[in-house]
Amino acid sequence: KIAKQRGTKLGSPQNLSAEARGKATEVRIRKSRSNPNNIRAGGYIVMCRESGMTYAEIAKKLSSEGFKTSTGKFFFPFTVHHLYHRTIKSIASIEIR
């Protein structure tokens, strides 16, 4: 922080390798899957889909009820779609065991 305040350029092109980007993606996915907001919303989304709601309707309902994504943002239809399929996949893997 102090170096940045002095005007020192931070970061390195070596940190932008394909391997480093892959590791960053893995970390984001792991955090997203273990995020309590996503876990609660995932179950809620499955129930809403089973009752016949569209992804757009669910996104609007989640946002109006104060649900946020793992990054603290509102839900959009594609976000709901993605989380729905990830939750269904997770439920199926648990049932198979």
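A pocket, in the sense used here, is an open set of grid points where a probe fits, with protein on both sides within 12 Å along at least five of seven lines, and its lining residues have an atom within 4 Å of a point. With that in mind, let's walk through this predicted model.

One group of residues that fits this description is S32, R33, N38, I39, G42, L83, R86, T87 and S90, which line the second largest pocket. Its volume is about 160 Å³. If you trace where the lining comes from, you will find that helix 2, helix 3 and helix 5 each supply at least two residues. Helix 5 gives the largest share, with 4 residues. By type, this lining splits into 2 nonpolar, 5 polar and 2 charged residues.

Now turn to the largest pocket, whose volume is about 290 Å³. It is lined by 14 residues, and those closest to its centre are S32, N38, T79, H82 and R86. Two elements, helix 2 (18–34) and helix 5, give two or more residues to this lining. The largest share, 5 residues, again comes from helix 5. In chemical terms, the lining of the largest pocket holds 4 nonpolar, 7 polar and 3 charged residues. You may have spotted some familiar names: S32, N38 and R86 are listed at the centre of this pocket and also in the lining of the second largest one.

Next, find T69 in the loop between helix 4 (55–64) and helix 5 (77–96). Is T69 buried or exposed? Its relative accessibility is 9%, so T69 counts as buried, because buried means under 20%. Leaving aside residues up to four places away in sequence, T69 touches N37, N38, F74, F75 and T79. Two of these, N38 and T79, you have already met among the residues closest to the centre of the largest pocket. The side chain of T69 also makes a polar contact of 3.0 Å with the side chain of T71.

Our last stop is M53, which sits in the loop between helix 3 (36–50) and helix 4. M53 has a relative accessibility of 18%, and therefore it counts as buried too. Which residues does M53 touch, not counting those up to four places away in sequence? They are C48, I58 and K61. To get a feel for distance, look from M53 to S63: these residues are 10 apart in sequence, and their C-alpha atoms are 15 Å apart in space.

Terms used. Residues numbered from 1 in each chain as written. Predicted model: local features only at pLDDT ≥ 70, side-chain atom pairs only at ≥ 80, totals over all residues. Heavy atoms only, no water. Buried < 20%, exposed > 50% of the residue type's maximum accessible area, 1.4 Å probe, protein only. Polar contact = N/O pair within 3.5 Å; in protein donor to acceptor, adjacent residues only side chain to side chain. Contact = heavy atoms within 4.5 Å. 1 Å grid on protein atoms, 1.4 Å probe; cavity = no way out; pocket = protein on both sides within 12 Å on 5 of 7 lines; lining within 4 Å. Points joined across faces, edges and corners; volume = space filled by probe spheres on them. Nonpolar A, V, L, I, M, F, W, Y, C, P; charged D, E, K, R; others polar.
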